[in-house]
Amino acid sequence: MRAGAAGDQNGQMSQSLSARLRLRPGPVDFGDYDPDATPGFSGGKKKGKQALDQLEGPLADLQERLYAESREGGERRILLVLQGMDTSGKGGIIKHCVGLLDPQGVTLASFRAPSRSEKRHDFLWRIEKERPAAGMVGIFDRSHYEDVLIARVRSLAPEAEIERRYVAINDFERRLTDGGTAIIKCFLHISKAAQGERLLARLTDPTKRWKYNPGDVDERVLWPDYRRAYQLALERCHTSVAPWYVVPSDHKWYRNWAITTLLTEHLSALGPKWPKVDFDIAEEIARVKAS
């Protein structure tokens, strides 16, 4: 059964988007998830962009509360993990979704091929260093999952080591959640056809050619292998404390709205409160006026 659109023309939902996009338990078959769908939103591109703009105020308020809470000893924080094939939109999300947040409360880590120094450590060593601090919204543009994705497709590690990494990832994420981190793991689900269109757009538009990497085509040839690697990663690392969300990403506007909505819902579920002050407000008002 494919995930389809629901809700009224303003994108209002009868259930949370988190519930709609949460990976279903059991074996993963991406054929059950339509990358062209818009679950939870029945409007089009124009209304989608309007709905995204409307989220800025609530999202900013919740983020500020989370940050303020940490100033008084709060330990909670958010980690948004973005994974997907090339052109699925990680950069667009950072621009259009994360751009709605106060940059003072955001940390961004982009994980590419490990350096020679990083390879001397366990694969999670460099990831551990980028964990968001209390009160922060951390963004992983690619993540620890690269070590069970490209490592599997390109045979960069033995099968036994990759199996060990699934277990290590689940342990790592449980430690994060036990320490107050709410993890939002998003698989940006794009079709091969949409990826091809975006690669061609980069070549035909002089303002986008800088984004094009000939190596992307080499990876595109391995599409079935990456698809299988992603299915295994989602199956093995979909847990109650750190579930996966499958975000249809053929429509950029929907992808941006969906990720921002997931952020808003998770922050709202945390319910951050303004910290109580330890001074007499009336007295301080009088002192300010008299100064």
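These are my notebook entries on a few helices, rings and single residues that I looked up in a predicted model.

**Entry 1: helix H10**

I started with helix H10, which runs over residues 252–270 and has 19 residues. From its first C-alpha to its last I read a span of 27 Å, close to the 27 Å expected at 1.5 Å a residue. Next I asked myself how many residues of H10 are buried. I found that 16 of the 19 are, so the helix is largely enclosed by the rest of the structure. I then stepped past the end of H10 and met Gly271, whose phi is positive, near 60°.

**Entry 2: a residue inside H10**

I picked Thr260, which is found in H10. Its relative accessibility is 0%, so Thr260 counts as buried. Which residues does Thr260 touch, not counting those up to four places away in sequence? My list reads Leu52, Leu55, Leu59, Cys97 and Leu100.

**Entry 3: aromatic rings**

I turned to the rings, and a search of the whole structure gave eight aromatic pairs. I wrote down two of them, beginning with Trp253 and Tyr254. Their centres are 6.1 Å apart with 90° between the planes, which makes the pair edge-to-face. Both Trp253 and Tyr254 are buried.

The other pair I noted is Tyr254 with Trp257, at 5.7 Å centre to centre. Here the planes are 45° apart, and the pair is tilted. Why are Tyr254 and Trp257 separated by about one helical turn? They sit three residues apart in helix H10, so about one turn lies between them. A reminder to myself: an α-helix has 3.6 residues a turn, so residues three or four places apart point the same way. Like Tyr254, Trp257 is buried. Finally, I saw that ring pairs link Phe41, Trp253, Tyr254 and Trp257 into a cluster.

**Entry 4: helix H5 and its cover**

I moved on to helix H5, residues 146–153. Seven of its eight residues are buried, so H5 too is largely enclosed by the rest of the structure. The buried ones are Glu146, Asp147, Val148, Leu149, Ala151, Arg152 and Val153. What covers them? I found that the cover includes strand E1 (77–84), helix H4 (125–128), helix H6 (159–178) and H9. Just after H5 I came to Ser155, which takes a positive phi of about 55°.

**Entry 5: where H5 meets H9**

I wanted a better look at one of those neighbours, helix H9, which covers residues 223–236. The axes of H5 and H9 come within 9 Å and cross at roughly 145°. H5 passes H9 in a right-handed crossing. On the H5 side, the contact is made by Val148, Leu149, Ile150, Arg152 and Val153. On the H9 side I listed Asp225, Tyr226, Ala229, Tyr230, Leu232 and Ala233. I sorted the residues of this contact and got nine nonpolar, no polar and two charged.

**Entry 6: a glycine in a loop**

My last stop was Gly43, in the loop between helix H1 (17–21) and helix H2 (45–71). Is Gly43 buried or exposed? Its relative accessibility is 10%, and the cut-off for buried is under 20%, so Gly43 counts as buried. I also checked Gly43 against Glu72, which is 29 residues away in sequence. In space, Gly43 and Glu72 are 41 Å apart, C-alpha to C-alpha.

Notes. Residues numbered from 1 in each chain as written. Predicted model: local features only at pLDDT ≥ 70, side-chain atom pairs only at ≥ 80, totals over all residues. Heavy atoms only, no water. Helix = DSSP H or I, 4+ residues; strand = E, 2+ residues; numbered from the N terminus. Expected span 1.5 Å × (residues − 1). Buried < 20%, exposed > 50% of the residue type's maximum accessible area, 1.4 Å probe, protein only. Axes fitted to C-alpha atoms, helices over the stretch in contact; angles between N-to-C directions. Left-handed = near helix turned anticlockwise from the far one by under 90°. Contact = heavy atoms within 4.5 Å. Nonpolar A, V, L, I, M, F, W, Y, C, P; charged D, E, K, R; others polar. Phe/Tyr/Trp six-rings, centres within 6.5 Å; stacked < 30°, edge-to-face > 60°.
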